[in-house]
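Open the model in your viewer and keep the selection panel at hand. The stops below say what to select next and what is there.

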Amino acid sequence: MSSDYATEKKLRPLYDALDEGQNKMALQYCTKLLKKTPEWPLVKALKALVLVRTGKEEEAFELCNQVKKAIPTDEATLQAVTMTLKELGKHSVIVELYENAANLQPKNEEFGNHWFMAMVRNNDFKGQQAAAVKLHRVFKQNKYLFWAIMSLALQGQSGNNLSYVLAERMMAKALEEKRLEEVEHMRLYLLILLDQKKNDQALKLLLDSSLGQTSLRDPEVRQIKSELLRENKCWDSVIEMSQEALEKENADDWFHWLAYFDAVEALIVDKTKADEIISKAEKLVASSQKAVLESKLLKRGPFLAELDLDYRLQKAGKRSEEVILEHLVSYFSRFGSKNCAFEDLQSYITFLRLDKEKSKKFIDSLKDTIKSADGKPAQVKNVYKNVNIRKLERFLNLHPQSDIKQGINIVNELWKEYQDALPLGEDLEKTEMQHGDEFVILASHILLDLYNEHKQAGILIQAISLLEIALTKSIHNFQIKLMLVRMYIMIGVYKRPFEIYRTMEIKQIQFDTMIHYFTDRVASLGCVDELETLLHDSLSIYKSNEVETPEMLVKAYQYGTFSKIQEFIEFRRRLDTSLQQAISRTELMRLDYVHVSFQTKYATQFFHEQDVSNISYDDTFIAARSDNRDFKVFINYNPEDTLTSENRAKPACSTNATWVQIISYILNILSIVCETKESGRDLNTITSNFKCLLEREDVKAQVTGPEFALASFVSKLADALVLIKASKNNDAIEVLNSATTILQDQLSNVEAFSEQTLAWNTFHKLSTCLEAFNYGSVLIEMMSRALGLSSKEAKRKAAEKAKTDPFISSFIELQLATKKSLQDIQTVARNGKELFRVQLQKKLFKDISDSDYAIACLKTRDCQNVFNNHIKLMIQSWSLSVTQLSEEIDRRVQKL
């Protein structure tokens, strides 16, 4: 007792320092204690924890290994070293730690549990099974049996079909022995059967076992039953089950409405029964509508169900267009003021898009449902009805996409409707959105169409101004913010998108799904430092995934929620293999290289110091990437068979797996040519594979024109270097000439900045040409070294020899073309700096105001000042971009 007290007294200051985050003090305490007792495992474990918190991960891991060798069995030491190893993501070491402890104390149930959970964190399904079986054998608890069965099911999911068979047998035996007591046990049994496509047996299990019947109280199990009935084509049972759920439980249950109509659709194929089945379906819809009309809360489900039934019957030729239109108008009359009305109706009006007159007539009939209103609530409802009508107009192709005059007229109308709605939102909280915000978003979509058609920067500048004005009234409207971010990047402005990013509080999983809106294609605008900061922030989610998601799995086992385990594993896998993570890491490596590549010696040194092994390029790695990016969050009113607004509102296709693979190949090629020690990587093989990639049919469409030219340029240079190293100089002539042609005709062909070229594309061509120089200068230097042209004298002799030697001539021509490309873009950048001055603000303002695409509201005095200010901020951003790019170019020109 006295010994424990004395130990606690010694450690108390250390624990206090750890709890208070005083890492420096905690480290001092550790050092002091270890000086007196060098082999104290607990203090070593606590010191490792302090070290990992201060970023000294290698030292921390070394201490953890020392503690592991001591085979600790006291809870305090195991807990401390486990916390450290979790932070380091070293789950396999935790497995060894607890396996050793469990083997020393086989009757210690807690150690056995920790051992199992350590393997859960490590995704070791086979190890889990062994640990769970051992736990069940020693402690005879049912939960360990189900842990073992779940572990077998996971092995089956990974491709081991025998594991499924064994898991199914164990579940069948457990059912016989009445061990299945909870709904989650039934969910586990169903999971095993459904994974094996044994739908008949799964349905029989639900219908015939007592636990199956009890489990049907769970809504998710009921859904599984409904899906199984449909899979097994038990249509009468589907109708019976769905009708009961809709009549007795919830008439708004959309899952059961869809199930019911799936059955109706399948059964009316039998023409002898069709009329009776349709009649019963119509009666169910009518009775459900009557029930909700009599209730206090008016639910949409039964009325939307009527539209879905119409849609299906129309496909079967059993519903007239007149009836469908009548029901559509009736639905809009009731629910047209709801935000979701457009999404509700769009699936059911596609047949109108083929006939413009019918579409206009339908829109007019929707307008007739709007009655004049005096009270504010009714007026607000009318605003939302008008918004939804405008959205439906766009969906039905009634908004012009190319005619400037017609397009601007509709934009003016939409802006007036927005202004008219503003007084109704005067009392709204700051966090709420104005009722008419979507009028402005619709206007921006029309202007976007006109810009894409006519490429007039003034159209996009006006769209940005309208959105910015609307944002001042609805400061939390994320749809306006996303639209602004995309439009700013399209026009080559990066400062404002980064400001907007900071207001949106992107965090957690959004770093994987949403960050692309702010990082995609932005590097071309010269904002290296800002972009690097943002990308580093975004990588935090992947570290969190390593640490936190395994704990979710542990909780699922502890609480026996087997139905969630596969979801958590899939969530973990998708983040581990995230395409966005690969894009971010590749982009960061590329940006780091930009920082140092102003001189060849620093560029080569960069690859000596950098480990590019995590920048993978092989097809297997690329194919395994999971694209979790959310493109659908971007609001879209366009017809289904046309490009979405998200696709139209970006300067080029999104970065993708092909982009990652191309940049990864380039970085790895440069890494190989710069290495001073043999690493086993073969330049010939990687160059050949890169060439094959670029020859694939679909690759060119997946990247921009300048990016493909850049990849081709690097590929040719690497190919030439391989030939030169193999003393095949004559074979290299054609390759060198091809590289020169690509550089001169595609990469160096950058148009000057002007009022007509105010777009991301101009910056992209400029920055890509600079990037080509960065990569090319390294590869050309390596060719020079391979040819022995490092000294001035050797270079002078080579220049003389070029008159008679076609190979040397082509090599020197490439060197000259590379230098000229840099000088050409230096001129473009300098001219850009001259252009982006205060005078441009006045000129742009006047040109836009006098143009045939000028928006009426921006001619008013109130809006003119705001509009002028927006132009001023854009010019400042353009000036900053071109200055940053110009500085990078100048640094390289000075070193030529």
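Helices here are DSSP runs of H or I with at least four residues, numbered from the N terminus. By that numbering, M552 lies in helix α31, residues 540-558. Before going on, note that this is a predicted model.

**Stop 1: a surface patch**

Stay with M552 and add I509 and F571 to the selection. Together I509, M552 and F571 make up a nonpolar patch on the surface, with about 220 Å² of accessible area. Is M552 itself buried, partly exposed or exposed? Its relative accessibility is 33%, so M552 counts as partly exposed.

**Stop 2: helix α11**

Next select residues 183-195, which form helix α11. At 1.5 Å a residue, the 13 residues of α11 should span 18 Å, and the end C-alpha atoms are indeed 18 Å apart. How many of the residues of α11 are buried? The number is 10 of 13, so the helix is mostly covered, buried meaning under 20% relative accessible area. Among the buried residues are E184, H185 and R187, along with M186, L188 and Y189.

Now show what surrounds this helix. The buried residues of α11 pack against α9 (142-157), α10 (161-176), α12 (199-208), α13 (210-215), α14 (219-231) and α32 (562-576). Just after α11, pick out K197, which has a positive phi of about 65 degrees.

**Stop 3: aromatic rings**

Show the side chains of Phe, Tyr and Trp; the count comes to 28 aromatic pairs. Start with F146 and F562, whose ring centres are 6.4 Å apart with planes at 55 degrees, so the pair is tilted. F146 belongs to helix α9 and F562 to helix α32, so this pair ties together parts that are 416 residues apart in sequence. Both partners are covered: F146 counts as buried at 0% relative accessibility, and F562 counts as buried at 3%.

Then move to F606 and F607. Their ring centres lie 5.0 Å apart and their planes stand at 85 degrees, so this pair is edge-to-face. F606 is buried at 7% relative accessibility, and F607 is buried with a relative accessible area of 4%.

To finish this stop, select F116, Y144, W147 and Y557, which form one aromatic cluster.

**Stop 4: A457**

Select A457, found in helix α25, residues 457-473. At 8% relative accessibility, A457 counts as buried. Which residues does A457 touch, leaving aside its neighbours within four places in sequence? They are Y451, I491, E755 and L758. Add Q756 as well: the C-alpha atoms of A457 and Q756 are separated by 7.0 Å, although the two residues are 299 residues apart along the chain.

**Stop 5: helix α42 and the loop after it**

Select N774 in helix α42, residues 760-786. N774 counts as buried at 2% relative accessibility. Not counting residues up to four places away in sequence, N774 touches Y593, S597 and R892.

Go on to L787, in the loop between α42 and α43 (792-801). L787 has a relative accessible area of 22% and is partly exposed. Its contacts, apart from neighbours within four places in sequence, are I724, N729, F807 and F811. For a final distance, select E168 too: the C-alpha atoms of L787 and E168 are separated by 68 Å, with their positions 619 residues apart along the chain.

Technical notes: Residues are numbered from 1 along each chain as its sequence is written. This is a predicted model: local features need pLDDT of at least 70, side-chain atom pairs count only at pLDDT 80 or more; totals for chains, interfaces and linings use all residues. Side-chain values use heavy atoms; hydrogens and water are left out. Patches are made of residues with over 30% relative accessible area and no salt bridge: like charges are joined within 9 Å, nonpolar side chains (Val, Leu, Ile, Met, Phe, Trp, Tyr) within 5 Å. Accessible areas come from the Shrake-Rupley method with a 1.4 Å probe; for residues, only the protein chains shown count as cover. A salt bridge is a side-chain nitrogen of Lys or Arg within 4 Å of a carboxyl oxygen of Asp or Glu. Helices (H or I, at least four residues) and strands (E, at least two) are DSSP runs, numbered from the N terminus. Buried means under 20% relative accessible area, exposed over 50%, partly exposed in between (1.4 Å probe, protein chains only). Contact means heavy atoms within 4.5 Å. The expected span of a helix is 1.5 Å times one less than its number of residues. Rings of Phe, Tyr and Trp (its six-membered ring) pair if their centres lie within 6.5 Å; planes under 30 degrees apart count as stacked, over 60 as edge-to-face and the rest as tilted.
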